[in-house]
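Subject: Structure for you to look over

Hello,

I am passing on the structure below, with notes on what turned up in it. Please read the notes with the model open.

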Amino acid sequence: MLYFTRWKALAIIMTALAICLCAVPNFFPEAQVKTWPKWAQRHIVLGLDLQGGSYLLLEVDSNYVKKEKLDQVRDDARKALRDARIAYTGLAAKNGAVEVRISKEEEFQTALGKLRELSQPLGGLLGSNGQRSLEVSSADGGLVRLTVPQAAITDRIRQSVEQSIQIIEKRVNELGTVEPLIQRQGADRILVQVPGLQDPTRLKEILGKTAKMDFRMVDSSVSPDQAVQGRVPADSDVLMSSQAPKTPYVIKKQVLVSGGDLTDAQPGFDSRTSEPIVTFRFNSNGARKFAQATTENVGQPFAIILDNEVISAPVIREPITGGSGQISGNFTVQEANDLAILLRAGALPAPLTIIEERTVGPGLGQDSIEKGELAAYVGSIMVILFMLLTYRLFGVFANIAVAINVAMIFGVLSLLNATLTLPGIAGIVLTVGIAVDSNVLIYERIREEIRGGRTAISAIDAGFKRALATILDSNITTFIAAAVLFYIGTGPVRGFAVTLGIGIITTVFTAFEVTRLIVATWVRWKRPQTVPI
């Protein structure tokens with residue numbers, strides 16, 4: 001156990017040194033670090049509780065998700081019956097289900113079969129557990145009822161939350177914030193933490209918009225005043241403008257091109273008026289549909305609609321076949337930039353409601369850092385003194401290994417660009433105790449071997465060899481606990497689990513490689529007859 005080849009010793013030293021060097025950028029000003037090569041700019045990011053920032057807890061509108069699901073079922077049922085040329089009446093969403101009445105009795109069974117084809121296993125081919133997306137039942141008089149079970153609603157909410165998290169990440173990252181934390185909390189909630197952001201007003205505006213965008217034609221068959229008085233065509237809606245004063249528009253329900261066909265959106269300035277605008281570009285499918293729509297409606301106004309508000313309603317002067325265009329609407333520079341962010345990130349699948357909001361000031365964060373540092377210093381000093389008083393020279397070896405262990409923890413955290421929180425500092429302090437515990441087990445085993453009559457070198461070798469199994473058992477069980485905390489925990493709990501898990505790995509390395517290498521070097525140099533322990 002005490003013999004090291006030259007290459008193995010060099011590998012241990014280089015590994016420890018390389019990981020420790022990863023922590024170096026944390027000791028330099030951020031402005032200076034940014035001048036370094038990209039690979040050398042990795043550092044630890046302070047969490048919300050250490051540097052202050054904004055905390056938002058968002059909730060997905062489950063009622064909206066359910067309504068959207070029923071509307072989709074209604075549209076699918078209409079298409080299925082029309083494709084099969086089956087006559088029907090009264091197709092509508094009522095009382096949490098979609099109802100339709102088949103007009104001809106001889107077509108009832110055929111219609112029932114077509115509608116049952118809309119029901120699919122939940123979760124695809126695997127993991128459906130027999131549950132389906134629709135329950136299709138029949139009643140007297142040719143009535144068919146399509147009910148969405150709660151399991152299907154729950155599955156749709158889960159999908160909406162996962163999709164919303166991806167879109168929120170895009171929107172927050174576009175704001176240029178540093179290492180935001182965005183994660184699911186519970187069945188229908190999303191936690192957003194943005195360290196360093198003291199004013200969450202703009203963040204709330206960006207996250208609060210669904211950003212569902214589409215392009216539709218303006219209905220010129222009736223005036224807006226007539227539509228406001230109740231004379232709205234069946235295939236049109238009355239929508240208001242996004243800018244004050246609010247102006248009504250009569251807009252056709254048919255969507256020419258949806259915002260899902262956008263591939264890019266950038267803020268800019270109109271070359272003629274110098275007003276802020278947003279330029280956009282469609283994918284091939286959207287470009288084709290947009291070209292067809294503008295070709296067929298030259299001279300007619302069309303509306304650009306965002307979240308059921310008309311942001312612009314220009315007249316089509318000529319066919320737009322290039323797959324790109326621009327949006328103008330008396331924007332400010334920030335409004336144009338925010339709109340471009342929303343369009344690039346995509347539309348949220350459902351509205352989000354802010355149910356909790358907190359702002360942590362930098363002063364409170366600094367106080368947390370100072371208290372965390374004090375706790376770390378006091379704990380480390382007490383551990384160092386205990387090891388020196390109890391194990392003397394071998395206590396010095398253990399303290400050197402623990403210092404390397406802590407440096408390696410910070411190096412790994414820096415390499416991962418991890419976010420350090422107050423519970424994370426607690427995990428590091430706990431790791432110091434675990435690292436010392438490993439050395440205590442080794443040293444006590446050495447003492448037992450000496451009392452058993454072994455020589456100094458033989459006792460040291462046996463102490464390391466026989467303590468290995470015990471240390472591995474204790475650290476593996478602790479690592480499993482850290483993994484469980486990371487898997488089921490959220491926020492600060494995960495931060496604690498990450499630092500604890502990394503600390504356990506570095507502890508095993510330093511206890512059985514670094515400490516053993518130090519002791520082996522001392523033994524080779526001194527050739528001791530007694531063990532100063």
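Beyond its neighbours within four places in sequence, Thr-499 is in contact with Leu-413, Leu-420, Pro-423, Gly-424, Gly-427, Ile-428 and Thr-431. Thr-499 belongs to helix 14, residues 492–526. Its relative accessibility is 2%, so Thr-499 counts as buried, the cut-off being under 20%. The side chain of Thr-499 also has a polar atom 3.0 Å from the backbone oxygen of Phe-496. Bear in mind throughout that this is a predicted model.

Leu-420, one of the contacts of Thr-499, also turns up at the largest pocket. That pocket holds about 1,100 Å³ of space. Its lining has 34 residues, and those nearest the centre are Asn-26, Ile-44, Glu-373, Phe-410 and Leu-420. Two or more lining residues come from each of helix 2 (30–33), strand 1 (45–46), helix 3 (48–51), helix 11 (362–415) and helix 12 (422–451). Which element gives the most to this lining? Helix 11 does, with 14 residues.

Helix 11 also contains Leu-393. With a relative accessible area of 29%, Leu-393 is partly exposed. Not counting residues up to four places away in sequence, Leu-393 touches Trp-522 and Pro-532. Leu-393 and Pro-532 are 139 residues apart in sequence, yet their C-alpha atoms are 6.3 Å apart.

A pair with a similar kind of entry is Thr-273 and Leu-413: they are 140 residues apart along the chain, and 51 Å separates their C-alpha atoms. Thr-273 sits in the loop between strand 12 (262–269) and strand 13 (276–282). At 46% relative accessible area, Thr-273 is partly exposed.

Now the nonpolar cores. The largest has 41 residues, and the members that touch the most others are Val-144, Ile-168, Ile-190 and Val-192. At least two residues each are supplied by strand 2, helix 4, strand 4, helix 5, strand 6, helix 6, strand 8 (189–195) and helix 7 (201–208). The greatest contribution is that of helix 6, with eight residues. Leaving out residues up to four places away in sequence, Val-192 touches Ser-54, Tyr-55, Leu-56, Leu-58, Ile-168, Leu-181, Ile-182 and Leu-207. Another core, of 36 residues, lies apart from this one; among its members are Ile-12, Val-436, Ala-456 and Ala-520.

Helix 4, which supplies at least two residues of the largest core, can be described from end to end. It covers residues 62–83, 22 residues in total, and spans 31 Å from first C-alpha to last, close to the 32 Å expected at 1.5 Å a residue. At the N-terminal end Asp-61 acts as a cap, with a side-chain oxygen 3.2 Å from the backbone nitrogen of Asn-63. After the helix comes Arg-85, which has a positive phi, near 55°.

Which residues of helix 4 are buried? They are Val-65, Lys-69, Leu-70, Asp-71, Val-73, Ala-77, Ala-80 and Leu-81. The elements covering them include strand 2 (53–60), strand 3 (88–94), strand 4 (97–102), helix 5 (108–116), strand 6 (143–147) and helix 6 (150–174).

Two serines remain. Ser-138 is in strand 5, residues 135–139. Its relative accessibility is 43%, so Ser-138 counts as partly exposed. Apart from neighbours within four places in sequence, Ser-138 is in contact with Phe-108, Leu-112, Leu-143 and Val-144. Val-144 is also one of the residues that touch the most other members of the largest core. From Ser-138 to Gln-109, 29 residues away along the chain, the C-alpha separation is 9.9 Å.

Is Ser-236, in strand 10 (residues 236–241), buried or exposed? Ser-236 counts as buried because its relative accessibility is 3%, where the limit is under 20%. The side chain of Ser-236 makes a polar contact of 2.6 Å with the side chain of Asp-219. Setting aside residues up to four places away in sequence, Ser-236 touches Asp-219, Val-250, Ile-251, Lys-252 and Lys-253.

Regards

Conventions: Residues numbered from 1 in each chain as written. Predicted model: local features only at pLDDT ≥ 70, side-chain atom pairs only at ≥ 80, totals over all residues. Heavy atoms only, no water. Helix = DSSP H or I, 4+ residues; strand = E, 2+ residues; numbered from the N terminus. Expected span 1.5 Å × (residues − 1). Buried < 20%, exposed > 50% of the residue type's maximum accessible area, 1.4 Å probe, protein only. Contact = heavy atoms within 4.5 Å. Polar contact = N/O pair within 3.5 Å; in protein donor to acceptor, adjacent residues only side chain to side chain. Core = buried A, V, L, I, M, F, W, Y, C linked by side-chain atoms within 4.5 Å. 1 Å grid on protein atoms, 1.4 Å probe; cavity = no way out; pocket = protein on both sides within 12 Å on 5 of 7 lines; lining within 4 Å. Points joined across faces, edges and corners; volume = space filled by probe spheres on them.
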